Amino acid sequence: MWGGKGYGGKGYGKGYDMMWNPMMNPMMMQMMMGPYGKGVGKTGLITFPNEKKVFIGGLPLTTAPDIELNKRLKEHMNKAGGCLFAEVGRSAKGGAAFKTREEVQKACELLNGSEFEGCVLQVETWGKKPQA
C-alpha cells in the first residue's frame with residue numbers, strides 16, 4: 001500500500017506503514033495533544049517546585065473546587081510570608097506555594113496548629129504528609 005511498500009513488502013520492513021501514516025499531519029497531532037500542546041497550560045500547585053510548597057491537612061471538606069475558599073486560605077497562609085498560591089483539595093487536604101524556602105519553613109513553624117474556617121491545620125513541608 002502507499003507506494004507499494006509496507007505491510008511486509010520490500011523496503012521498510014513489517015509494520016512501517018502502521019507506525020507512520022500520511023494522515024498524521026500537524027493538525028491531527030494537535031487534535032490528539034489538545035489545544036496547548038505537550039505540558040503547556042498546566043496550572044495549580046504542580047507548576048511550583050516542591051521545595052517551595054507546603055502540604056496542608058485538616059482543611060474544611062469540599063466536594064468541588066471553591067475559588068473563594070482558596071482565596072481565604074491564601075490570605076491565611078500569607079501570615080508566614082509571600083504566599084503565591086493556595087488550594088483546598090478533596091479529602092480535607094491541600095497545599096500552598098511560597099516565594100522562598102525560608103517562607104516554607106516559617107509557614108510550617110507559624111501555621112502548624114493554626115485555626116482556619118473552624119479547622120485546626122497541619123502544615124508540613126511538601127512530600128512529608130501530616131500524621132492523621
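This report covers the nonpolar core, helix H3 and the salt bridges of a predicted model.

**The core**

The largest nonpolar core has 19 residues. Val54, Ile56, Leu73, Met77, Ala96 and Phe98 have the most contacts inside it. Five elements give two or more residues each: strand E1 (53–57), helix H3 (67–77), strand E2 (83–88), strand E3 (93–98) and helix H4 (101–111). H4 supplies the largest share, four residues.

Leu73 shows how the chain comes together here. Beyond its neighbours within four places in sequence, Leu73 is in contact with Ile56, Leu59, Ala86, Glu87, Val88 and Phe116.

**Helix H3**

Leu73 is also one of the buried residues of H3. The others are Leu69, Asn70, His76 and Met77. These residues lie on the same side of H3 because they cover an arc of only 120° around the axis. Their cover includes E1, E2, E3 and H4, along with strand E4 (115–116) and strand E6 (122–125). On the face turned away from the buried side, H3 carries the exposed residues Ile67 and Glu75.

The start of H3 has a polar contact of its own. There, a side-chain oxygen of Asp66 comes to within 3.2 Å of the backbone nitrogen of Glu68.

**Salt bridges**

Side chains of opposite charge can pair when their charged atoms come close. The structure holds three salt bridges.

| Acidic residue | Basic residue | N to O distance |
|---|---|---|
| Glu51 | Arg101 | 3.8 Å |
| Glu68 | Lys71 | 3.7 Å |
| Glu117 | Arg72 | 2.7 Å |

Take Glu51 and Arg101 to begin with. This pair links distant parts of the chain, 50 residues apart. Glu51 sits in the loop between helix H2 (26–33) and E1, while Arg101 belongs to helix H4. Glu51 is partly exposed, at 39% relative accessible area.

Glu68 and Lys71 both lie in helix H3. They are three residues apart, about one turn of the helix. Glu68 is partly exposed at 45% relative accessibility. Lys71 is partly exposed too, at 46%.

Arg72 and Glu117 form the remaining bridge. This pair also connects distant parts of the chain, with the two positions 45 residues apart. Arg72 is in helix H3, and Glu117 is in the loop between E4 and strand E5 (119–120). Arg72 has a relative accessible area of 35%, so it counts as partly exposed. Glu117, at 44%, is partly exposed as well.

Helix H3 thus recurs throughout: H3 gives residues to the core, holds both Glu68 and Lys71, and carries Arg72.

Notes. Residues numbered from 1 in each chain as written. Predicted model: local features only at pLDDT ≥ 70, side-chain atom pairs only at ≥ 80, totals over all residues. Heavy atoms only, no water. Core = buried A, V, L, I, M, F, W, Y, C linked by side-chain atoms within 4.5 Å. Buried < 20%, exposed > 50% of the residue type's maximum accessible area, 1.4 Å probe, protein only. Contact = heavy atoms within 4.5 Å. Arc of directions from axis to C-beta. Polar contact = N/O pair within 3.5 Å; in protein donor to acceptor, adjacent residues only side chain to side chain. Salt bridge = Lys/Arg side-chain N within 4 Å of Asp/Glu carboxyl O.
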